[in-house]
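Work through the exercises below with the sequence and the 3D structure open. Try each task before reading its solution.

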Amino acid sequence: MKPFTHVAGKDCGRIVFYGLSTCVWCKKTRRLLDDLGVAYDYVYVDLLNDEERERAMAEVRRWNPNESFPTLVFNEANCVLGYDEEKIKAAVKL
Amino acid sequence: MKKEIEISDAAVDALLQKLQREAEASGYHLNNDRKFVRELVGGLLVNQQRYGYAACPCRLAAGEKAADLDIICPCDYRDADLNEFGACFCALYVGPEVSEGRKQAASIPERRPPASQRRAAKAEISAGAPLGKLSQPVWRCKVCGYLCARGEPPDICPICKAKKERFERFM
Ligand code: SF4
């Protein structure tokens, strides 16, 4: 849990965001989550040290074998890849 | 956790102008969305400082140049994505439809194979392709597909400006 940062907001189940600090689609995705006002945890994988990074990537691969960013995981059950406003809104179920 | 690197507006402006000039000179287009592109160019500068080369801002670099050559911007995947989706993965480069405002750039699927597949493909290539009877070897730019028959590839691709290390032996 350590490398994640929590953003407070409405509880819509556990939402985990894996992104890169330099990626603009990741920025847009986080802005969307912030605008929706939901609670989520985020991590920028490029800022992690090697060991944490490997652990985070193993988790990303479980949901997204293409290893791309952003990867958003909802409730340990489904995921949305890339900045996809419609799919994210549908998955959040406000 | 590593610190985020700060990039000045002036540095972004300088690189943005250079990329704009080079793109237009060789028939490519940068995304017209200024704010979006400035953020991406900032990401390229962060990666330049971090790794010593401008790895794609929207992909996780290994931090080892040989493993990241295919994602040094412009990446090996740009032109195929321009053709198929009208924009590169990051949407820094866009095709005519997006450039002229007839289509919006969107997040597209990742074309770069995952790390395990990239390692397997590399091993296969270095096993060597058979050589025909050519007077000169033929080199292919992996970024734009430019071919030339000469002793060595050029230092800089005359079409897309990719560096010599981005060429592969084609024939
Ligand atoms: S061409 Fe586009 S996708 Fe490829 S490295 Fe550059 S910004 Fe990233």
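**Exercise 1. Two prolines**

Task: Find where Pro70(A) lies and describe the peptide bond before it.

Solution. Step 1: Pro70(A) sits in the loop between helix 2 and strand 4 (71–74) of chain A. Helices (H or I, at least four residues) and strands (E, at least two) are DSSP runs, numbered from the N terminus. The model is predicted, so local features need pLDDT of at least 70 and side-chain atom pairs pLDDT 80 or more, while totals for chains, interfaces and linings use all residues. Residues are numbered from 1 along each chain as written, chains are lettered from A and ligands numbered from 1 in the order written, and side-chain values use heavy atoms, without hydrogens and water.

Step 2: The bond from Phe69(A) to Pro70(A) is cis, with omega near -5°.

Step 3: In chain B, Cys73(B) and Pro74(B) are also joined by a cis peptide bond, with omega about -5°. Pro74(B) belongs to the loop between helix 3 (65–68) and helix 4 (78–85) of chain B.

Step 4: The loop between helix 2 and strand 4 of chain A also holds Glu67(A). Glu67(A) is not a glycine, yet its phi is positive, about 55°. Most residues other than glycine have a negative phi, and most peptide bonds are trans.

**Exercise 2. The interface**

Task: Describe the interface of chain A and chain B by its residues, area and polar pairs.

Solution. Step 1: 24 residues of chain A are in contact (heavy atoms within 4.5 Å) with 27 residues of chain B.

Step 2: The two chains bury about 2200 Å² between them, 56% of it on carbon and sulfur atoms. Buried area is the accessible area (1.4 Å probe) that two parts lose on being put together, summed over both. Thr22(A), Trp25(A) and Leu47(A) supply 32% of the area that chain A buries against chain B, more than any other three residues.

Step 3: Between chain A and chain B there are two salt bridges. A salt bridge is a side-chain nitrogen of Lys or Arg within 4 Å of a carboxyl oxygen of Asp or Glu. Arg50(B) and Asp46(A) form a salt bridge at 2.7 Å, N to O.

Step 4: Ten residue pairs across the interface, both residues at pLDDT 80 or more, are in polar contact. A polar contact is a pair of N or O atoms within 3.5 Å; within protein, one must be able to donate a hydrogen and the other to accept it, and residues adjacent in sequence count only if both atoms are side-chain atoms.

Step 5: Two elements give two or more residues to the side of chain A that touches chain B: helix 1 (24–36) and helix 2 (50–63) of chain A. Helix 1 of chain A gives the most, with five residues.

**Exercise 3. Packed helices**

Task: At what angle do helix 1 of chain A and helix 2 (residues 34–51) of chain B pack, and which residues make the contact?

Solution. Step 1: The angle is about 120°, with the axes 9 Å apart. Axes are lines fitted to C-alpha atoms, for helices over the stretch in contact, and angles run from 0 to 180 degrees between N-to-C directions.

Step 2: Helix 1 of chain A is therefore oblique to helix 2 of chain B. Angles under 35 degrees count as roughly parallel, over 145 as roughly antiparallel, 65 to 115 as roughly perpendicular and the rest as oblique.

Step 3: Helix 1 of chain A makes the contact with Val24(A), Trp25(A), Lys27(A), Lys28(A) and Arg31(A), and helix 2 of chain B with Lys35(B), Phe36(B), Glu39(B) and Leu40(B).
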